[in-house]
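Here's a short set of exercises to work through with the model open in your viewer. Try each task before you read its solution.

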Amino acid sequence: LTPSDYSIDTVSDALLALPELADGIVYQNNSDRLLDSDYQEYYFGNGELLGEDSEYVYIVSPTTSVCEAGVFKVTDEEQKTALINAFEKRRENLIQTHTNYSPEDLAVSEGLITGSFDDVVYFVAAPDNTPIEQAIKG
């Protein structure tokens, strides 16, 4: 992987400017709210996804409605694969949670998208993924 000058801080600001994510709970590497191993395990089923130097932003809805996005800079193909697998695990967990609970949130969960470019991997689960994905891609 080729390191890029992609800025997690810049994309974090862009994501928080979107109405869908503006009130979200933000986990970010240079903030007071980190995705520590317990949170990584809770959200993604793997507590060893990120190292101390990892750069990321993960924004999750403060309500029970599904609207979230995560953007992570990776250091190698192994971490990239682990994160993409973790995003799939997140999708499975969201689907399981909402199958008998909320048809709207089930549809959003099933529509979770993942992607990558350069040294960046991301996922989005929202009623409309397009504006969030566009903000991630800049």
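A residue counts as buried when its relative accessible area is under 20%, as exposed when that value is over 50%, and as partly exposed in between. Keep in mind that this is a predicted model.

**Exercise 1. Find Gly115 and decide: is it buried or exposed?**

Step 1: go to strand 4, where Gly115 has its place.
Step 2: take its relative accessible area, 15%. The cut-off for buried is under 20%, so Gly115 is buried.
Step 3: look at who touches it. Leaving aside neighbours within four places in sequence, Gly115 is in contact with Val120, Val121 and Tyr122.
Step 4: now jump along the chain to Lys137. Gly115 and Lys137 are 22 residues apart in sequence, and their C-alpha atoms are separated by 9.7 Å.

**Exercise 2. Lay out the sheet: what is the strand order, and which strands sit at the edges?**

Step 1: trace the five strands of this open sheet; the order reads 1-2-3-5-4, with antiparallel pairing.
Step 2: pick out the strands that pair on one side only. These are strand 1 (25-28) and strand 4 (113-117), the edge strands.
Step 3: check the twist. Ignoring direction, neighbouring strands are turned by 10 degrees against each other on average.
Step 4: recall what holds such a thing together. Strands of a sheet pair through backbone hydrogen bonds, either parallel or antiparallel.
Step 5: zoom in on strand 2 (residues 55-60) and strand 3 (residues 68-73), which run antiparallel and are joined by six bridges. Across this pairing, Tyr56 stands opposite Phe72 in strand 3.

**Exercise 3. Look at the hairpin of strand 4 and strand 5. Which residue there takes a positive phi?**

Step 1: confirm the pairing. Strand 4 and strand 5 are antiparallel and share five bridges, and Phe117 stands opposite Val120 in strand 5.
Step 2: move to the turn. The hairpin has two residues between the strands, and Asp118 takes a positive phi near 45 degrees.
Step 3: put that in context. Most residues other than glycine have a negative phi. Asp118 has its positive value although it is not a glycine.
Step 4: assign its exposure. Asp118 lies in the loop between strand 4 and strand 5. Its relative accessibility is 54% and the cut-off for exposed is over 50%, so Asp118 counts as exposed.

**Exercise 4. Place helix 5 on the sheet. Which strands does it lie across?**

Step 1: follow helix 5 (residues 129-137) over strand 3, strand 4 and strand 5 (120-125).
Step 2: compare directions; the helix runs at about 160 degrees to strand 5.
Step 3: pick Asn129, which is found in helix 5. Its relative accessibility is 13%, so Asn129 counts as buried.
Step 4: list its partners. Beyond its neighbours within four places in sequence, Asn129 is in contact with Gly111, Ile113 and Val124.

**Exercise 5. Contrast His98 with Ser31: how is each classed by accessibility?**

Step 1: start in helix 3, where His98 is found. Its relative accessible area is 4%, so His98 is buried.
Step 2: check the surroundings. Setting aside neighbours within four places in sequence, His98 is in contact with Thr64, Val66, Asp105, Leu106 and Ser109.
Step 3: now turn to Ser31, in the loop between strand 1 and helix 2. At 28% relative accessibility, Ser31 counts as partly exposed.
Step 4: gauge a span from Ser31. Gly45 is 14 residues apart from Ser31 along the chain, and the two C-alpha atoms are separated by 22 Å.

**Exercise 6. Describe the two largest pockets. What lines each of them?**

Step 1: begin with the largest pocket, which holds about 260 Å³ of space. Of its 14 lining residues, Tyr42, Tyr43, Glu68, Arg90 and Leu94 are the closest to its centre.
Step 2: sort that lining by element. Helix 2 (37-44) and helix 3 (77-98) each supply at least two residues, and the largest share, five residues, comes from helix 3.
Step 3: sort it by class: five nonpolar, seven polar and two charged residues.
Step 4: go on to the second largest pocket, with a volume of about 220 Å³. Its lining has 15 residues, and Ser54, Lys73, Val74, Thr75 and Gln79 lie nearest its centre.
Step 5: class this lining too; it has five nonpolar, five polar and five charged residues.

Key. Residues are numbered from 1 along each chain as its sequence is written. This is a predicted model: local features need pLDDT of at least 70, side-chain atom pairs count only at pLDDT 80 or more; totals for chains, interfaces and linings use all residues. Side-chain values use heavy atoms; hydrogens and water are left out. Two strands pair if DSSP finds at least two bridges between them. Helices (H or I, at least four residues) and strands (E, at least two) are DSSP runs, numbered from the N terminus. Axes are lines fitted to C-alpha atoms, for helices over the stretch in contact, and angles run from 0 to 180 degrees between N-to-C directions. Contact means heavy atoms within 4.5 Å. On a 1 Å grid over the protein atoms alone, a cavity is a set of points where a 1.4 Å probe fits but cannot get out, and a pocket is an open set with protein on both sides within 12 Å along at least five of seven lines; lining residues have an atom within 4 Å of a point. Grid points are joined across faces, edges and corners, and a volume is the space filled by probe spheres set on the points. Ala, Val, Leu, Ile, Met, Phe, Trp, Tyr, Cys and Pro count as nonpolar, Asp, Glu, Lys and Arg as charged, and the others, Gly among them, as polar. Buried means under 20% relative accessible area, exposed over 50%, partly exposed in between (1.4 Å probe, protein chains only).
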